[in-house]
Amino acid sequence: FFRASFRHTCYAASSYHFGVSCERGMKFVESEFKEEQFAPLLRNLTNAEMEIKVLSRNLVAHAVHARAVVGLWDRELRSALGDRKICLLYLASEMMLTTTRKFSVFVMEFMAILPEAFSHVAESVKVTALGASVADVLEALLKVWESRELFPPPFLKKLRQAISKPSAAPVPTEEYVPLPVRVSGPPAPVTAEVPSPS
């Protein structure tokens, strides 16, 4: 997947101020990636196409910090509510489709977390605000990725399986209190009253 040298890319957008300077041509942003700068933008992301494209381009410009970028995305996905989870998936898709033929570092980083992310979204959100099935929305994303040959077929199959399988064991209810287990030491003293022989 990795190439010997990445094509350097820099994007500028008038609606956001990231402190990114663009010279003629394209360059990577090699400055430090600051999560506090991008977290509010992920947190308030809508499904507006231009907003997703602009944010995607500015995140892609930090490809040298791809792991940190994808880690931030993953944390925001977990804490997001309702349709904003879908918006974040659209953002991830835009980032990967934008970069796949130039440098695939984002594809590799997202591959590490997408199965769990798909399962999480499928469990957390059943229907979008417009009444669409979230499973259908996820399948539509998979078909786009399949047509663009973004992932190998076995990985796409894994993502399809993640839509219908739970991502984790059920969380115990508040009433459930596990019994204490003694690991070492003398036997615990008997505290219950023993009835006297009649």
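Helices are DSSP runs of H or I with at least four residues, numbered from the N terminus. The model shown in these views is predicted.

**Figure 1. Confidence along the chain of the predicted model.** The mean pLDDT of the protein is 74, and 66% of the residues score at least 70. Residues 1-30 have a pLDDT below 50, and this stretch makes 64 contacts in the model beyond near neighbours in sequence. A pLDDT under 50 also applies over residues 169-188, for which the model has two contacts beyond four places in sequence.

**Figure 2. Helix α7 and the end of the helix capped by Ser133.** Helix α7 comprises residues 134-147. Its 14 residues should span 20 Å at 1.5 Å a residue, and the end C-alpha atoms are indeed 20 Å apart, so the expected span and the model agree. At the N-terminal end of α7, Ser133 acts as a cap, with a side-chain oxygen 3.3 Å from the backbone nitrogen of Ala135. Just after the helix, Glu149 adopts a positive phi of about 55°.

**Figure 3. The buried and exposed sides of α7.** Val134, Val137, Leu138, Leu141, Leu142 and Trp145 are the buried residues of this helix. They cover an arc of only 140° around the axis and therefore lie on the same side of α7. An α-helix has 3.6 residues a turn, so residues three or four places apart point the same way. Asp136, Lys143 and Ser147 are exposed on the other side of α7. The cover over the buried residues of α7 includes α4 (83-99), α6 and α8 (153-164).

**Figure 4. Surroundings of Leu141 in helix α7.** Leu141 has a relative accessible area of 6% and is therefore buried, the cut-off for a buried residue being under 20%. Beyond residues up to four places away in sequence, Leu141 touches Leu89, Tyr90 and Ser93. For one of these partners, Ser93, the separation from Leu141 is 48 residues in sequence, while the C-alpha atoms of the two residues are 7.9 Å apart in space.

**Figure 5. The aromatic cluster of Phe118, Trp145, Phe151 and Phe155.** Four aromatic pairs are found in a search of the whole structure. In the pair of Phe118 and Trp145, the ring centres are 5.8 Å apart and the planes lie at 45°, so the pair is tilted. Phe118 belongs to helix α6 (residues 114-124) and Trp145 to helix α7, so this pair ties together parts that are 27 residues apart in sequence. Phe118 has a relative accessibility of 0% and therefore counts as buried. Trp145, with a relative accessibility of 0%, also counts as buried. Trp145 forms a further aromatic pair with Phe151, which is edge-to-face, with 5.5 Å from centre to centre and 85° between the planes. Phe151 is buried, with a relative accessible area of 5%.

**Figure 6. Helix α2 and the helices that its buried residues pack against.** Helix α2 comprises residues 49-60, and its twelve residues should span 16 Å at 1.5 Å a residue. The C-alpha atoms at its ends are 16 Å apart, which agrees with the expected span. The buried residues of α2 are Glu51, Ile52, Val54, Leu55, Ser56, Asn58, Leu59 and Val60. These buried residues pack against α1 (35-43), α3 (66-79), α4 and α5 (105-111).

**Figure 7. Ser56 in helix α2 and its contacts.** Ser56 counts as buried because its relative accessibility is 0%. A polar atom of the Ser56 side chain lies 3.4 Å from the backbone nitrogen of Met95. With neighbours within four places in sequence left aside, Ser56 is in contact with Leu91, Glu94, Met95 and Thr98.

**Figure 8. Asn58, a further residue of helix α2.** The relative accessibility of Asn58 is 2%, so this residue counts as buried. Asn58 and Phe38 are 20 residues apart along the chain, and 9.4 Å separates their C-alpha atoms.

Conventions
Residues are numbered from 1 along each chain as its sequence is written. This is a predicted model: local features need pLDDT of at least 70, side-chain atom pairs count only at pLDDT 80 or more; totals for chains, interfaces and linings use all residues. Side-chain values use heavy atoms; hydrogens and water are left out. Helices (H or I, at least four residues) and strands (E, at least two) are DSSP runs, numbered from the N terminus. Buried means under 20% relative accessible area, exposed over 50%, partly exposed in between (1.4 Å probe, protein chains only). Contact means heavy atoms within 4.5 Å. Rings of Phe, Tyr and Trp (its six-membered ring) pair if their centres lie within 6.5 Å; planes under 30 degrees apart count as stacked, over 60 as edge-to-face and the rest as tilted. The expected span of a helix is 1.5 Å times one less than its number of residues. The arc is that of the directions from the helix axis to the C-beta atoms. A polar contact is a pair of N or O atoms within 3.5 Å; within protein, one must be able to donate a hydrogen and the other to accept it, and residues adjacent in sequence count only if both atoms are side-chain atoms. pLDDT is the predictor's confidence in each residue, from 0 to 100.
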